[in-house]
Amino acid sequence: MIAVLVVDNLWAVYLLIREIIAVHEVEKVPSVISAHLPQELFNKMRTYMIHKSWFSIVNILLIVVFSGIMELYFGFYPWLWKVATKCSLSKWMQHEACVSIFFVLLLSIYMTLKACPGMLYSKMCLSDLHKRGTQSWTRRIGCEILETILAIIIMSLIVVSIVFMVLWLEEYTAVGLYVQSLLLTVLLILLVPFLIDPILGRRVPLENLTLLSELEHLTNVVDFPMHQVHILRVNDPNASSNAFFYGCCCLKRIVIFDTLLLNRGRKDLSSLEPEEVGKGLRDSQLHMILMLCLFHVLFSHGPIYQAVGFEEGLQPIIVGFLIIFGFVMTPYMTLSNFCMLSATRHFEYQADSFAWEMGYSKDLRQALLKLYADNLAFPITDPCYSSWNHTHPSMLDRLNRLEKLQQRRSS
């Protein structure tokens, strides 16, 4: 497990070094985006990317690798389980579900404290490129307390459900987890408009009548129900310009953040901050099955628990989930993540090709340039780093692909 931990994170460090070299070698704004990205801002973004990447390397080596080795070698998890057991003052608290809740709470406190140095450094030394509004201390503290309480409640429910599922289903736990994931997915699709959307913002009608007319025309062309296209006025004006699709069959929906629209889609610009004016645009299940099958084989394997310091016969359920998914299955999770990232980038290229086939190649090109500049997304990246870390192809890669499609049509 220590070897897997070291190799996996050294690979991440290698990719970061490649990224630093790629960013460091480009000193001038690529000509294709120079009209949207000033050289001065490009220099700030470049410095920020290099600084952030070096910080990530140091953080990985010290916080992840070094502390991870110490935790595994010196039996940190069995020790923390004993502490959680001692917290069970009453007899009913000695049930594994209660001890597991104590264990996860203590682990969360430890992880928070371990991450504090890096978090403070990133807040104080990594200057944010985005201009963000300041909140009052009272509001900040209130939000933190509310988030903490909600996190504890949700975490406790998840821990209890996992423990009782394993105790009741025993060797059929993997099947139960798979069914649970399917049910949660369907439930999430049904509840997104009522639970998730209000957290992000509120739905509003599209004020730009020209854009509304074009959107109606486009939905008719692709046979998508216009009433399932929603404009979301996000609560955080610094949120990245985004739009997403979710659902299937009769539950398909498209949500467009108002930050994606020019001037947030408003007619009256007086309500916008100065930096908001002018931003925006004008007009797998196989993985789940394989993962749970591997988990089923490894979860009950006693030597894994003994390797991290537990006595023979003691195999706490929640610790098993942590060790199996956090360490033992790292090689599979890393490779499957690479495959899924490759698939999502392929889908992005497919979407670009679809837009090109419909005659929107020029519009898409301008939109990509504007969006990347508005969101301060650095245009330069190492291809190898991108393939292991990014869900989307780089802006330059997408523009090159569009150029190749245009050349193919011309030839």
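Helix H5 (137-169) and helix H6 (173-200) each give at least two residues to a nonpolar patch. In this predicted model, that patch covers about 750 Å² of the surface and is built from Leu167, Trp168, Leu169, Tyr172, Val175, Val179 and Leu183. Take Trp168 as a sample member: it sits in helix H5. Is Trp168 buried or exposed? Its relative accessibility is 68%, and exposed means over 50%, so Trp168 counts as exposed.

Aromatic residues also turn up in a quite separate topic, the ring pairs. The count of aromatic pairs comes to 17. One of them joins Tyr77 and Phe327 in an edge-to-face arrangement, with 6.2 Å from centre to centre and 65° between the planes. That label follows because planes over 60 degrees apart count as edge-to-face. Both of these residues belong to one aromatic cluster, together with Phe76, Trp79 and Tyr110.

How do the two partners compare with Trp168 for accessibility? Here are the values side by side.

| Residue | Relative accessibility | Class |
|---|---|---|
| Tyr77 | 2% | buried |
| Phe327 | 9% | buried |
| Trp168 | 68% | exposed |

The cut-off for buried is under 20%, which is why Tyr77 at 2% gets that label, and Phe327 at 9% gets it too.

Now for the sheet. Four strands make an open sheet in the order E1-E2-E4-E3, and the pairing is mixed. Strand E1 (201-204) and strand E3 (243-246) are the edges, each with pairing on one side only. Going from one strand to the next, the twist averages 30°. In general, the strands of a sheet pair through backbone hydrogen bonds, and they can be parallel or antiparallel. Which way do E3 and E4 run? They are antiparallel, and four bridges join E3 to strand E4 (residues 253-257). Across that pairing, Phe244 stands opposite Val255 in E4.

Stepping back to the whole chain, the protein has 14 helices along with four strands. How much of it is buried? Of its 411 residues, 37% count as buried, with Tyr77 and Phe327 as two examples of buried residues. As for the outside, the protein exposes about 24600 Å², and 65% of that comes from carbon and sulfur atoms. The nonpolar patch with Trp168 and its partners, at about 750 Å², is one place on the surface to look at.

Definitions and conventions:
Residues are numbered from 1 along each chain as its sequence is written. This is a predicted model: local features need pLDDT of at least 70, side-chain atom pairs count only at pLDDT 80 or more; totals for chains, interfaces and linings use all residues. Side-chain values use heavy atoms; hydrogens and water are left out. Patches are made of residues with over 30% relative accessible area and no salt bridge: like charges are joined within 9 Å, nonpolar side chains (Val, Leu, Ile, Met, Phe, Trp, Tyr) within 5 Å. Accessible areas come from the Shrake-Rupley method with a 1.4 Å probe; for residues, only the protein chains shown count as cover. A salt bridge is a side-chain nitrogen of Lys or Arg within 4 Å of a carboxyl oxygen of Asp or Glu. Buried means under 20% relative accessible area, exposed over 50%, partly exposed in between (1.4 Å probe, protein chains only). Two strands pair if DSSP finds at least two bridges between them. Axes are lines fitted to C-alpha atoms, for helices over the stretch in contact, and angles run from 0 to 180 degrees between N-to-C directions. Rings of Phe, Tyr and Trp (its six-membered ring) pair if their centres lie within 6.5 Å; planes under 30 degrees apart count as stacked, over 60 as edge-to-face and the rest as tilted.
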